[in-house]
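Biologist: I am new to this structure and should like a close look at one part. Please begin with the aromatic side chains, and then follow whatever leads away from them.

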Amino acid sequence: MDYPIGEYYCKLDSKGRLLLPSSFKEQLGDALEEGFVLRPSLYDKCLELFGMSDWRAMQNKLGKLNPFRQENVMLIRRFNAGARMVKVDASGRLQIPKDLMEKGGLVKEVVMTALTDRMQIWDKTLSEQENERFSEADLAKALSEKLGANDFID
């Protein structure tokens, strides 16, 4: 699935509904009809939003783990814990369950940003704090180290 480009600033209403910007919905296209899976992030205090095709791909990877190893079963159980199927309603809102709002630290203003295989939904204040931890100089250094090691690109 192709995720929207950039960051999107949204607000939660009192019932935990997130009104998605029109440009965000346009970029998602048919994925809006298929729905999403929302889960707490593994590494950050935010939520992760997977398109159904990416969620299925992740489940396929997990399904290849040997089920007779306790560690694998625990890993799958913990990864899937808290996951919920969600859809965008006719008004363009995404309902975020209350327990996931708490786990993600979402209050009122949120930031949605895309990764390569999912999106993240952050509380605006937490997003700003996290972004301060990784400066522009850190970004430039990481890009050079991770992607700039070769002069020729395949």
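**The aromatic pairs and their surroundings**

Modeller: The model is a predicted one, and three aromatic pairs are found in it. One of them joins Y8 and F24: the ring centres are 5.2 Å apart and the planes stand at 75°, so the arrangement is edge-to-face. An angle over 60 degrees is what places a pair in that class. Since Y8 belongs to strand β1 and F24 to helix α1, this pair ties together parts of the chain that are 16 residues apart in sequence. Both Y8 and F24 are buried.

A second pair to examine is that of F50 and W55. Here the ring centres are again 5.2 Å apart, and with planes at 70° the pair is edge-to-face. F50 and W55 are both buried. Together with F79, these two residues make up one aromatic cluster.

F79 leads on to the charged residues. Over its ring sits the charged end of R39, 4.4 Å from the ring centre. R39 has a relative accessibility of 2% and therefore counts as buried. R39 also forms a salt bridge with E48, in which the closest N and O atoms are 3.3 Å apart. E48 is buried as well, because its relative accessible area is 3%. Side chains of opposite charge can pair when their charged atoms come close.

The bridge between R39 and E48 is part of a network of salt bridges that also links D117 and R118. D117 and R118 bridge one another, with their closest N and O atoms 3.0 Å apart. Their exposure can be judged from the cut-off of 20% relative accessible area, under which a residue is buried. R118, at 13%, is therefore buried, whereas D117, at 24%, is partly exposed. The whole structure holds eleven salt bridges. Another of them joins D13 to R17, the closest N and O atoms lying 2.6 Å apart. D13 is partly exposed, because its relative accessible area is 26%.

R118 leads in turn to the nonpolar interior. It is one of the residues in contact with L49, leaving aside those within four places of L49 in sequence; others include F36, V37, L38, M112 and I121. L49 is also among the residues with the most contacts inside the largest nonpolar core, alongside L18, I96, M112 and I121. That core has 25 residues. Elements that give it two or more residues include β1 (7-11) and α1 (22-28), together with β3 (36-40), β4 (47-51), β7 (109-114) and β8 (119-123). Apart from this core lies another, of seven residues, and here the aromatic cluster returns: F50 and W55 are among its members, as are V37 and M52.

Helix α7 offers a contrast to these buried parts. None of its twelve residues is buried, and the helix is hardly covered. It runs through residues 136-147 and reaches 16 Å from first C-alpha to last, close to the 16 Å expected at 1.5 Å a residue.

Terms used
Residues numbered from 1 in each chain as written. Predicted model: local features only at pLDDT ≥ 70, side-chain atom pairs only at ≥ 80, totals over all residues. Heavy atoms only, no water. Core = buried A, V, L, I, M, F, W, Y, C linked by side-chain atoms within 4.5 Å. Buried < 20%, exposed > 50% of the residue type's maximum accessible area, 1.4 Å probe, protein only. Helix = DSSP H or I, 4+ residues; strand = E, 2+ residues; numbered from the N terminus. Contact = heavy atoms within 4.5 Å. Phe/Tyr/Trp six-rings, centres within 6.5 Å; stacked < 30°, edge-to-face > 60°. Lys NZ or Arg CZ within 6 Å of the ring centre and 35° of its normal. Expected span 1.5 Å × (residues − 1). Salt bridge = Lys/Arg side-chain N within 4 Å of Asp/Glu carboxyl O.
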